Amino acid sequence: MQWIIFMLLLFISSVEMLTQNRWKKQASAGLLENCTGCILCSEDNGCITCHHRLFLLIWRDGIRQFGMCVHTCPPGYFGVRGLEVNRCTKCRSPSCESCFSRDFCMKCKDKFYLYKGQCFRQCPPSTAAQPGTRECQETCEPGPWSEWSACTHENRTCGCKWGVETRVREVPEAAREEGAACPAQESRRCRMKKHCPGEKTESRNKGKKRQKKPKTDRHTGT
């Protein structure tokens, strides 16, 4: 009876040893995969320090913290280079897809609009979403248009068939600082006086003088 019990205990211990060996092989294989690019790596926490030019990305799974070395930080993170370790730091806003710093967003996730480094569900008052982008831009209420200027062509107001006339309006200083899409000048094509004052008279006088010369010559010849 004791011999049978001894054999059972021996069998159980051998099975446990085989199970532990398999688990250790799997853990070491997984550790090597998760430690790509690492200088220091922990079996429980993954990468601790990374090779030069790689970023250390740390995320949490419950109470567990795990590290990985990556070439570029994933969405929602931005890279910070340091003297000892380059780290991927998470953007503060969960609606931010990529950020320049922790509090300054550069691109928002879907269904959000970007304005001054922040993400909003809707563009704030006095702003409007730009066509084709999810960015908000300042709008403005400019002053009235001025009267159209004189019709000119190369700084001349006559002597040409077509010219250009312009008009302007005042844009608030706040709108100029924000870069609001607020047209401050308009131009249009206009008809000019083809002949300047005095042009026709001068040309006629010249023609008359040219006609008198041959008459004088004929008279002297006879």
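Let's start at one bond: the link between cysteine 73 and cysteine 88 is left-handed, with -90° about the S-S bond. This pair connects distant parts of the chain, 15 residues apart, with cysteine 73 in the loop between strand S4 (64–70) and strand S5 (77–80) and cysteine 88 in strand S6 (residues 87–90). Their sulfur atoms sit 2.1 Å apart, and both cysteines are buried. Keep in mind that you are looking at a predicted model.

This link belongs to a set, as the structure holds nine disulfides. Cysteine 91 and cysteine 99 form another, with their sulfur atoms 2.0 Å apart. Its torsion about the S-S bond is about -90°, so this disulfide is left-handed. Both cysteine 91 and cysteine 99 are buried.

Now turn to cysteine 158 and cysteine 196, joined by a disulfide with an S to S distance of 1.9 Å. Here the link is right-handed, with 100° about the S-S bond. Cysteine 158 lies in the loop between strand S12 (136–138) and strand S13 (162–168), and cysteine 196 in the loop between strand S14 (185–191) and helix H3 (199–221), so the pair ties together parts 38 residues apart in sequence. Both cysteine 158 and cysteine 196 are buried.

What about cysteine 160? Its closest cysteine sulfur, in cysteine 151, is 8.7 Å away, which is too far for a bond. Cysteine 160 counts as partly exposed because its relative accessibility is 23%.

Stepping back, the chain has three helices and 14 strands, and 22% of its 222 residues count as buried. On the surface, Ile39, Leu40 and Ile48 make a nonpolar patch of about 280 Å². Isoleucine 39, in strand S1 (residues 38–42), counts as exposed at 52% relative accessibility.

Notes. Residues are numbered from 1 along each chain as its sequence is written. This is a predicted model: local features need pLDDT of at least 70, side-chain atom pairs count only at pLDDT 80 or more; totals for chains, interfaces and linings use all residues. Side-chain values use heavy atoms; hydrogens and water are left out. Helices (H or I, at least four residues) and strands (E, at least two) are DSSP runs, numbered from the N terminus. Buried means under 20% relative accessible area, exposed over 50%, partly exposed in between (1.4 Å probe, protein chains only). Patches are made of residues with over 30% relative accessible area and no salt bridge: like charges are joined within 9 Å, nonpolar side chains (Val, Leu, Ile, Met, Phe, Trp, Tyr) within 5 Å. Accessible areas come from the Shrake-Rupley method with a 1.4 Å probe; for residues, only the protein chains shown count as cover. A salt bridge is a side-chain nitrogen of Lys or Arg within 4 Å of a carboxyl oxygen of Asp or Glu. A disulfide is a pair of cysteine sulfur atoms within 2.5 Å.
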